[in-house]
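Colleague: Please show the model, and let us then discuss its fold and its charged side chains.

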Amino acid sequence: PVLTDGLDGLERMGVTDFLLLGMGGDLIADLMARHAWAREPSLRFILQPMTKAEHLRLRLAGEGFRLKTETPVAAGRFVYTVMTAAYDGQPEEIGLYEAWTGLVRPDTQAGRDYLERVLIRLHERIAGLAQAGSPEESLRYREAEHRLLTLLDEASGGIK
C-alpha cells in the first residue's frame, strides 16, 4: 500500500488498483478528475464515499467512468456503498434515480437499509425544495422517490 495525497505520483508506480475510501463523493470525484492518466481502462478504482454518493455517481458517468459493482456495507449503525469503477471513455448522463441508487438493490438487509436511507434523504430534499419554492425540481425528486418506493415495496418479502 502507498499513502499519498490523492493520486499524486502514482502514475509512475505501476499501480493498477486504487482505493479512495472514507471521503465525500465530491472529493473522490475531484481527486480522480485531477489526473488524465486515471482515464486508462486497465485501472480499477475502489471507492467508498462517506457522503454524496449521488454526486460521485453523476461525475463518474459524466466523465466516462462506468460502475462495475456496488456493494452496500453496514458499519455499526451506518450503511455505506463500496463501488468499483473503470474508465470506458463513454460519458453518459444518468438520471436522478440512478444517481441516488446506483447499482444497489434491496436483495440483502444492507441493501435495503442503504436504500431506505436514500429514501429518507430524498424525502428531506423534496421537503427542502418545496419550502424553497422549486416545484419543478421537487417533481423530479418525487419521481425518483416513487421509483425507489416501488422497488422497496416489490422487494419487501425477498430479503436474504
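The exchange below takes up the overall fold, one helix and some charged residues.

Modeller: This is a predicted model, in which local features need pLDDT of at least 70 and side-chain atom pairs count only at pLDDT 80 or more, while totals for chains, interfaces and linings use all residues. Residues are numbered from 1 along each chain as its sequence is written, and side-chain values use heavy atoms, with hydrogens and water left out.

Colleague: In what pattern do the helices and strands of the protein chain follow one another along the sequence?

Modeller: Helices (H or I, at least four residues) and strands (E, at least two) are DSSP runs, numbered from the N terminus. The protein chain holds five helices and four strands. Along the sequence, their pattern is β-α-β-α-β-β-α-α-α.

Colleague: Against which elements do the buried residues of α4 pack?

Modeller: Buried means under 20% relative accessible area, exposed over 50%, and partly exposed in between (1.4 Å probe, protein chains only). The buried residues of α4 include Tyr-114, Leu-115, Leu-119, Leu-122 and Ile-126. Their packing partners are α2 (53–62), β3 (65–75), β4 (78–87), α3 (96–101) and α5 (135–155).

Colleague: Which side chain of opposite charge is nearest to Glu-145, and how far away is it?

Modeller: Glu-145 lies in helix α5, and, leaving aside neighbours within four places in sequence, it is in contact (heavy atoms within 4.5 Å) with Leu-119, Leu-122, His-123 and Ile-126. Lys and Arg count as positive and Asp and Glu as negative; His and the chain ends are not counted. Glu-145 is buried yet has no salt bridge (a side-chain nitrogen of Lys or Arg within 4 Å of a carboxyl oxygen of Asp or Glu). The nearest side chain of opposite charge is Arg-142, at 4.6 Å.

Colleague: Which residues are linked with Glu-63 in a network of salt bridges?

Modeller: Glu-63 forms a salt bridge with Arg-39, the closest N and O atoms being 3.9 Å apart; this pair links distant parts of the chain, with Arg-39 in the loop between α1 (25–33) and β2 (44–51) and Glu-63 in the loop between α2 and β3, 24 residues apart. Glu-63 also forms a salt bridge with Arg-59, at 3.1 Å between the closest N and O atoms. Glu-63 is partly exposed, with a relative accessible area of 23%. The network links Glu-63 with Asp-30, Arg-39 and Arg-59.
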